[in-house]
Amino acid sequence: MKLRSWRQTLSFLVCCVLIAATALLTTGCDGSKQTSDTSASATPSATVTDAADAAPSQSDDHELGQGKTTFTFTVVDGEGQETAFQIHTDKTTVGDALVELGLIEGEESEYGLYVKTVNGVTVDYDTDGKYWAFYVDGAYAQTGADSTEVTAGATYTFKVE
């Protein structure tokens with residue numbers, strides 16, 4: 001009788017441990033792909049399809065690039081989560097700097113680069129009804145990222161709207 005009781009207790013404990021382990025493993029998964037590869041580069045070509053592999057996601061080190069000019073780049077995703085990067089570049093436009101680092105991607109159009117993917121998150125107005133809005137120092141930008149000149153110390157933001 002004691003052996004049966006001991007086996008039931010042991011089975012119960014094993015089940016509890018498995019449930020706890022499963023809960024811990026799934027709690028940390030938010031479905032986003034994280035990578036520490038910050039050396040990925042892209043060119044502003046017609047269509048980019050594999051943004052999740054090229055764009056760096058959140059990490060402890062948010063300084064990217066090499067260059068004499070530094071600016072802040074902020075991403076606000078659809079859930080309102082904000083990620084800020086310090087960008088170092090020698091590029092002349094914000095778009096060129098961010099494309100080079102794999103932080104933005106999209107399609108070339110007659111109006112310039114139509115940004116669909118920012119920091120690995122793709123938003124397409126045609127399918128989602130939302131788009132990436134571009135801001136310069138908190139104000140809605142009057143030009144696209146690919147035609148906005150880099151200004152040292154400025155803050156450039158892409159926000160899902």
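**Exercise 1. A turn between two strands**

How many residues lie between E2 and E3 in their hairpin, and which residue in the turn has a positive phi?

*Solution.* Keep in mind as you work that this is a predicted model.

Step 1. Find the two strands: E2 covers 69-76 and E3 covers 82-89.

Step 2. Look at the link. The hairpin of E2 and E3 has five residues between its strands, and Gly-80 in that turn has a positive phi of about 85°.

Step 3. Check how the strands run. E2 pairs with E3 in the antiparallel sense, over eight bridges. One pair to find on screen is Phe-73 with its bridge partner in E3, Phe-85.

**Exercise 2. Take stock of the chain**

Count the helices and strands of the protein chain, and write down their pattern along the sequence.

*Solution.* Step 1. Counting gives four helices and nine strands.

Step 2. Reading along the sequence, you should get α-α-β-β-β-α-β-β-β-α-β-β-β.

Step 3. Now ask how contacts link up the chain. Of the contacts with a separation of 6 or more, 52% are between residues 24 or more positions apart.

**Exercise 3. Put six strands in order**

Work out the strand order in the open sheet of six strands, and name the edge strands.

*Solution.* Step 1. Begin at one end. Strand E1 (63-64) is an edge strand, pairing on one side only. Its link to E3 is parallel, with two bridges, and Glu-63 stands opposite Gln-86 in E3.

Step 2. Move on from E3 to E2. As you saw in the first exercise, E2 and E3 are antiparallel.

Step 3. Turn to the other end. E7 and E9 pair over five bridges in the antiparallel sense; here Tyr-135 has Thr-157 in E9 as its bridge partner.

Step 4. Finish with E8. Two bridges hold the antiparallel pairing of E7 and E8, and Val-136 stands opposite Ala-139 in E8. These strands also form a hairpin, with two residues between them. In its turn, Asp-137 has a positive phi of about 50°. Strand E8 (139-140) is the other edge strand.

Step 5. Write the full order: E1-E3-E2-E9-E7-E8, with mixed pairing.

**Exercise 4. A sheet of three strands**

Describe the open sheet of three strands: its order, its pairing and its edges.

*Solution.* Step 1. The order is E4-E5-E6, and the pairing is antiparallel.

Step 2. Strand E4 (104-109) and strand E6 (121-122) are the edges, since each pairs on one side only.

Step 3. Zoom in on E4 and E5, which are joined by six bridges. Glu-107 has Tyr-114 as its bridge partner in E5.

**Exercise 5. Explore the core**

Which residues have the most contacts inside the largest nonpolar core, and which element gives the largest share?

*Solution.* Step 1. Recall a general idea: in soluble globular proteins, nonpolar side chains tend to be buried together.

Step 2. Here the largest nonpolar core has 26 residues. Those with the most contacts inside it are Phe-71, Phe-73, Ile-87, Leu-98, Ile-104 and Phe-158.

Step 3. Trace where core residues come from. Elements that supply at least two each include strand E5 (112-118), strand E7 (132-136) and strand E9 (155-160). The largest share, four residues, comes from H3, the helix at 94-100.

Step 4. Follow one residue. Leaving out residues up to four places away in sequence, Leu-98 touches Phe-71, Phe-73, Ile-87, Leu-103, Ile-104 and Phe-158.

Step 5. Step back to the whole chain. Of its 161 residues, 33% count as buried. In E7, four of the five residues are buried.

**Exercise 6. Look into a pocket**

Find the residues closest to the centre of the second largest pocket, and say which strand gives the most to its lining.

*Solution.* Step 1. The volume of this pocket is about 290 Å³.

Step 2. It is lined by 17 residues, and Leu-113, Tyr-114, Val-115, Trp-132 and Gly-144 are the closest to its centre.

Step 3. E5 and E7 each supply at least two lining residues. E5 gives the most, with four.

Methods
Residues are numbered from 1 along each chain as its sequence is written. This is a predicted model: local features need pLDDT of at least 70, side-chain atom pairs count only at pLDDT 80 or more; totals for chains, interfaces and linings use all residues. Side-chain values use heavy atoms; hydrogens and water are left out. A nonpolar core is a set of buried Ala, Val, Leu, Ile, Met, Phe, Trp, Tyr and Cys residues joined through side-chain atoms within 4.5 Å. Buried means under 20% relative accessible area, exposed over 50%, partly exposed in between (1.4 Å probe, protein chains only). Contact means heavy atoms within 4.5 Å. Two strands pair if DSSP finds at least two bridges between them. On a 1 Å grid over the protein atoms alone, a cavity is a set of points where a 1.4 Å probe fits but cannot get out, and a pocket is an open set with protein on both sides within 12 Å along at least five of seven lines; lining residues have an atom within 4 Å of a point. Grid points are joined across faces, edges and corners, and a volume is the space filled by probe spheres set on the points.
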